[in-house]
Amino acid sequence: MSKISELSRKAAAEGMVLLKNSERVLPLTKGDEVAIFGRCQLNFYKSGTGSGGAVHVPYTVNVIEGLRQYPEVIINENLLKVYQEWVKENPFDDGGGGWAAEPWFQKEMPITEHLVKEAASTSDKAIIIIGRTAGEDQDNADVPGSYRLTDDEINMLKKVTDYFEDVIVVLNVSNIIDMSFMKRDYKNPIKGVLYAWHGGMEGGNALADILLGTINPSGRLTDSIANNLFDYPSHENFCDKKENYYTEDIYVGYRYFETFNQSAIMYPFGYGLSYTTFEVSNKAFIVNDDYIKISGTVKNTGNLPGKEVIQVYCRQPQGKLGKPAVVLVGFTKSDTLQPGEIWEYTLEVEKSTFASYDDGGYTAYKNAFILEAGEYDFYIGHDVRNLVSIGSYIQELKVIERLQEALAPRKPFKRIRPVLENDEITIKKENVPIMNIDLEKRMKSELPEAIKMREGNANLESVEKGEMTLDTFIAHLPPKALGTLVKAEGMCSPKVTAGTASAFGGVSDELLEYGIPVLACADGPSGIRLDSGKTASQVPIGTALACTWNTKLVEKLYEQIGKELYKHRIDTLLGPGMNIHRHPLNGRNFEYFSEDPLINGLLAVAVTKGLEAGGSTATLKHFLVNNQEAARNIADSIVSERALREIYLKGFEIAVKQGGARSIMTSYNPINGIYAASNYDLNTTILRNEWDFEGIVMTDWWAKVNHPIQGGKGETYHKSYMVKAQNDLYMVVDNHQATEFEKDDILEAYHSGTLTLGELQRSAKNILKFILSSPSYKRKDKQDSKKRFAPKQSAKYKLYPAGTPIEAQKFTLEIKDDGKYQVIVSARYQSMSAAQSTVNIRINDDIAFIHQMHGSKADYKDFSIVSFDLSKGFYNVKLEFIRKGIEVEHIRFEKAK
Ligand code: BGC
């Protein structure tokens, strides 16, 4: 087994969360005969859909294949055969292969009483697998087949519990689902429930390891599971297609439930069972000026080896700001402990971890992170609800960090807050402090000085050798070159590894002459998406990784992904995804980690460090508050500055400051009226000026911008707004179009003075700094990006001469004269604008280039992006439709004049 498969299997298993295990129905024991229900035993989901799931894996393991590795457990083969036959007749429905077309669930095999009765006559235990997916451009919905169970599934639960006493439900889901099925009356209650999530290519093996107990469950929930969807405080605003008011403010997930509505919780944040038991004793609680030191021991008091998670929570005084009842402030995970074994833990919790942000001057310190005066109590929790006190101290009011107002809302609205009256917390509404600064003045006063332009030659290599400063090098780049450098090309640029998301850096001949190499990036986050159809490893989804609470393991796993990226010449992975799980229906929650910012941040640190160790880099995304897929490039997220700073920015801040992240992707949405890509406070005030971030910021693909000060409607023309905000790179313009300036205002704005040379140079500097320390730049074996093909002596398919429009998908091209031939593809892709599709063009079996399109209403039109030097002879050409959707009317090879 390869290292990445091995680590992936471990991580998938450690991320699984056991929520119920009555009468020790698990682990399965030697000789158990199990009847497995649910079609997902064969079609076990490996990941969600969209860019975050689109990895072509070398293999996947389903539940049956996983269990077959344990011959001590007997699978009910008759039942399995019935499922196998049925799945043959009812194959996996990918919705036709189009973008966001895959349904949330797969039609379930309706089961008869007879079938269950027969299975129960030989089998002791039943395992029911329920599957769900979701993804980009496709939120889940509160309907059967998505958040809720379908009638077929309910019927399956009912019939199986009628005949089996030992029933275990395994949830192969991308997101939490409605758990009310656990409260129904069954003849025999469901004894075991396991969130198995989507475990990547090793999911089936990992599940078998957990079911058999070779890996003892040690996953803990990183989200709160409430009784009802409407219990989540964001519910009333979630999915608003125009303006999404974050009225719940900082009270997201357990911060809300523990403060205001404990009884709404079915499974609390941090919850998860093990097959063994542990005793946690805290021995020391030391309070220093800036941090708290906690240490103690964990003893395995049961009779199976296992791991325990130490979760540390803090309860703060309500003070003037109001606080969540408890907040997670630190965590660590033990190694595998043998029965009786003791493990010592030490945790240092910076006081800044639990500081609150005063966005309204409620204390004397407006726009500062502070600790209010009072008693701070600390606990170790089995979960957020089951807490054991480990110490407390009295804190005087302390200013942790004085900042300036940034990103505050422009529109008035009300948010919730707790109020302590007669020892009881009640929920109140208060006006959110709104924007009070002159952003135009701020931007003007911080305009970067221009580096004086110079004439003559310069090469980036001289900067690397220390012969020229980066500033002097930049001085040699004329405005047009600078304007090209801030644009990336894609998707599937022929300039970089086939099938990747974008090429950036040296995307023009001019830039290449300055010694600026071309770099590649690829999705992400759970493996490398190669639209060429080439395979890559896929690890568990973000939520599953977070549920491991094991940052060391995640770091090691991503080191392997880093190595794969290096091998494929990809400079940065478009991940980790770090948006907060604000609501259970967000379609991309699976790519993200948790409802808690600390978990989010520390997991992102692990991914970032791992990727760097493997030879590539991470791109944190989506910066910021992209918490729904519906209208994701229109809906304005209207959020208080406090909620932004304490919840939504926090994880990114941790990943930048502790993880050394050097690439970030902004989100599609506006934040308080200004699109992320043209948002100065986001990209400059907070990210660079406060956090000292020195890397690159890229937009999301084909992102919109609006005026950085006045706001307004989103569009893609004014790319100068992006540069002004210090979002360095526009992702993406069409291939070979970065040198064109008709579709953007960059040069126009430069000439009219609304975009300064200094601003262009500032982004160029960020990009070049990244490039100088990028894997591509450092590697010795530079790539020759020019493709060459040797002619064949004879034709393999029907023959077409160069110059003719060819409608066939397989043909032999005849070249009569040596020369440069421009390839023209007449194609259309009539789909939603966010949809992506590709067609591979192979010449003599090699991928010559990939034609990529995103959806539009447009009819067939000519695209001409590559040319090849071809000499006299025959070339076998094939069109390969890996991602369905594009229609090619014809292709022609025209001799260049
Ligand atoms: C997604 C990003 C992704 C990019 C490139 C966008 O649609 O939102 O997360 O990295 O496409 O595939």
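How do the residues of the shell around the ligand divide into nonpolar, polar and charged? A few notes on that, and on one sheet, follow.

1. First, a reminder that we're looking at a predicted model. As for the shell around the ligand, its residues split into seven charged, five nonpolar and three polar.

2. There are 15 residues around the ligand, and the ones that come nearest are Glu136, Asp523, Arg588, His622 and Asp700. Worth having these five on screen while you read the next point.

3. On polar contacts, Arg588 turns up again: a side-chain N or O atom of this arginine sits 2.8 Å from an oxygen atom of the ligand. Arginine 632 also has a polar side-chain atom 3.0 Å from a ligand oxygen. For tyrosine 668, the distance between a side-chain N or O atom and an oxygen of the ligand is 3.1 Å. As for cover, the ligand on its own has 310 Å² of accessible area, and the protein covers 100% of that.

4. Now the sheet. It's an open one made of three strands, ordered 41-38-43, with antiparallel pairing. Strand 41 (861-870) and strand 43 (887-895) each have a single partner strand, so they stand at the edges and one side of each has no neighbour in the sheet. From one strand to the next, the twist averages 20°.

5. If you want to check the register, try strand 38, residues 819-828, which pairs with strand 41 in the antiparallel sense over nine bridges. A handy place to look is isoleucine 824, whose bridge partner in strand 41 is serine 864.

Definitions and conventions
Residues are numbered from 1 along each chain as its sequence is written. This is a predicted model: local features need pLDDT of at least 70, side-chain atom pairs count only at pLDDT 80 or more; totals for chains, interfaces and linings use all residues. Side-chain values use heavy atoms; hydrogens and water are left out. Two strands pair if DSSP finds at least two bridges between them. Helices (H or I, at least four residues) and strands (E, at least two) are DSSP runs, numbered from the N terminus. Axes are lines fitted to C-alpha atoms, for helices over the stretch in contact, and angles run from 0 to 180 degrees between N-to-C directions. A residue is near a molecule or strand if one of its heavy atoms lies within 4 Å of it. A polar contact is a pair of N or O atoms within 3.5 Å; within protein, one must be able to donate a hydrogen and the other to accept it, and residues adjacent in sequence count only if both atoms are side-chain atoms. Accessible areas come from the Shrake-Rupley method with a 1.4 Å probe; for residues, only the protein chains shown count as cover. Ala, Val, Leu, Ile, Met, Phe, Trp, Tyr, Cys and Pro count as nonpolar, Asp, Glu, Lys and Arg as charged, and the others, Gly among them, as polar.
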